[in-house]
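Visitor: I should like to understand what surrounds the bound molecules here. Could you show me the structure and guide me through it?

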Amino acid sequence: MESIEAILEKDVLEREDLIRVLEADGADCGPLFRRAAEVKAARVGNRVYLRGLIEYSNLCSKNCLYCGIRSGNAAAARYEMTPEETIEVARHALERRYGSIVIQAGERDDALFVSKIERTLRGIRALAGDGLHVTLSLGEQTPDTYRRWFEAGAHRYLLRIEASNPDLFRKLHPDDARHRHALRLAALGALRAAGYQVGTGVMIGLPFQTAADLADDLLFFRDLDVDMIGMGPYLEHPDTPLYARARALLPPRERLELTLRMVALLRVMMGDINIAATTAMQAIDPEGRERAIRAGANVVMPNLTPARYRHDYLLYENKPCLDEAPEEIVELFEARIREFGGTIAYGEWGDSRRFLERTS
Ligand code: SAH
Ligand code: SF4
């Protein structure tokens with residue numbers, strides 16, 4: 001069998017190579033993480049960009065089978081922040097020199113929601129000018145809505161494909177006209193056309209998911225030539241239909257290991273994109289995000305959602321840091337990444353190099 005070292009020597013990694021690395025013994029993966037660290041240092045450097053995360057609302061019109069805030073979960077207490085509250089959090093981010101924020105919420109396409117987001121974006125621009133770049137993560141919208149929000153000041157958009165394999169996607173969503181793999185793909189195209197830096201991603205360790213699926217996810221990211229990626233381990237939530245499959249899952253630790261391997265492989269494949277160390281990694285290991293930075297990630301998203309709402313934005317069980325202040329978390333994180341040469345890029349937008357290159 002080909003060694004991991006020999007595989008990493010290749011100019012282009014093929015499906016079989018990716019599967020081989022994803023299925024390799026953990027003890028054999030040292031060369032992968034070393035190579036990812038080299039590529040990262042050479043292509044994007046060891047600075048970590050901050051995005052202050054604002055969980056704007058947990059109201060959602062969709063019903064994804066894995067998600068704790070799905071519309072079918074009557075146990076979730078629903079909230080929506082106001083544009084003013086959101087702009088206030090953006091002010092904190094600006095004062096703390098985050099350089100960037102992410103506004104995330106359940107998916108809604110009603111006119112009131114669309115216009116509130118637009119108003120929020122205009123308010124943030126009036127407040128911060130060029131001081132903050134804004135990422136949205138608000139699900140599938142019409143091309144017109146994407147354009148409106150872009151014109152109002154959003155720069156980037158995160159829309160995970162969740163699973164690039166359409167058959168797997170179908171098993172994770174209700175089989176109806178609103179939850180379609182093809183719609184999600186079309187939305188990613190519309191985002192690029194509207195001018196955004198486009199991010200996507202998948203969950204890792206899902207029921208029914210195979211190593212071949214994960215290899216195909218990586219190839220999907222490369223073929224789409226994405227600007228940013230957010231991947232995280234799937235974490236079960238008891239009030240969701242997919243919870244019935246919980247016993248068939250890999251143990252959480254192994255889901256995290258697999259996620260770190262995906263991050264490292266992606267860094268080797270796409271050296272100049274932004275890759276996030278996601279919150280779900282930290283739900284499994286208190287140092288999960290630091291480990292992701294070591295494995296090749298270069299973006300972290302400290303949670304700035306006001307404490308009174310944070311407890312209700314529960315996509316999955318055991319969400320971390322519900323009570324801690326973001327400043328303390330960032331300080332601790334900074335101290336830990338410094339141990340292996342990482343620093344935080346305060347006051348910088350941290351736009352995707354790949355995007356800047358493609359559009360220059
Ligand atoms: N509604 C928007 C954004 C909020 S959900 C959207 O769906 O795009 C943001 C991400 O949370 C989703 O893309 C999904 O990948 C992740 N997520 C949802 N439920 C999860 C779970 N149980 N475990 C891990 N990640 C989950
Ligand atoms: Fe709604 Fe997003 Fe959760 Fe799906 S993943 S139910 S769209 S919040």
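Visitor: How many residues of the shell around ligand 2 are nonpolar, polar and charged by class?

Guide: This is a predicted model. The residues around ligand 2 are Cys60, Lys62, Cys64, Tyr66, Cys67, Ile69, Arg70 and Gly106. Because glycine counts as polar, while lysine and arginine count as charged, the shell divides into 5 nonpolar, 1 polar and 2 charged residues.

Visitor: Where does ligand 2 sit?

Guide: The space taken by ligand 1 is the largest cavity. Ligand 2 likewise has its place in the largest cavity.

Visitor: Which residues are the closest to ligand 1?

Guide: Ligand 1 is surrounded by 18 residues. By class, its shell holds 10 nonpolar, 4 polar and 4 charged residues. The closest are Tyr66, Ala105, Arg160, Glu162 and Leu235.

Visitor: What is the distance from an oxygen atom of ligand 1 to a polar side-chain atom of arginine 160?

Guide: A polar contact is a pair of N or O atoms within 3.5 Å. At arginine 184, a polar side-chain atom lies 3.1 Å from an oxygen atom of ligand 1. For arginine 160, the distance from a polar side-chain atom to an oxygen atom of the ligand is 2.8 Å.

Visitor: What percentage of the accessible area of ligand 1 does the protein cover?

Guide: Backbone atoms also take part in the contacts: a polar backbone atom of alanine 105 is 3.0 Å from a nitrogen atom of ligand 1. On its own, ligand 1 has 540 Å² of accessible area. The share of this area covered by the protein is 92%.

Terms used: Residues numbered from 1 in each chain as written. Chains lettered and ligands numbered in written order. Predicted model: local features only at pLDDT ≥ 70, side-chain atom pairs only at ≥ 80, totals over all residues. Heavy atoms only, no water. Near = heavy atom within 4 Å. Polar contact = N/O pair within 3.5 Å; in protein donor to acceptor, adjacent residues only side chain to side chain. Areas by Shrake-Rupley, 256 points an atom, 1.4 Å probe, with all protein chains shown as cover. 1 Å grid on protein atoms, 1.4 Å probe; cavity = no way out; pocket = protein on both sides within 12 Å on 5 of 7 lines; lining within 4 Å. Sits in = over half its atoms within 2 Å of the grid points.
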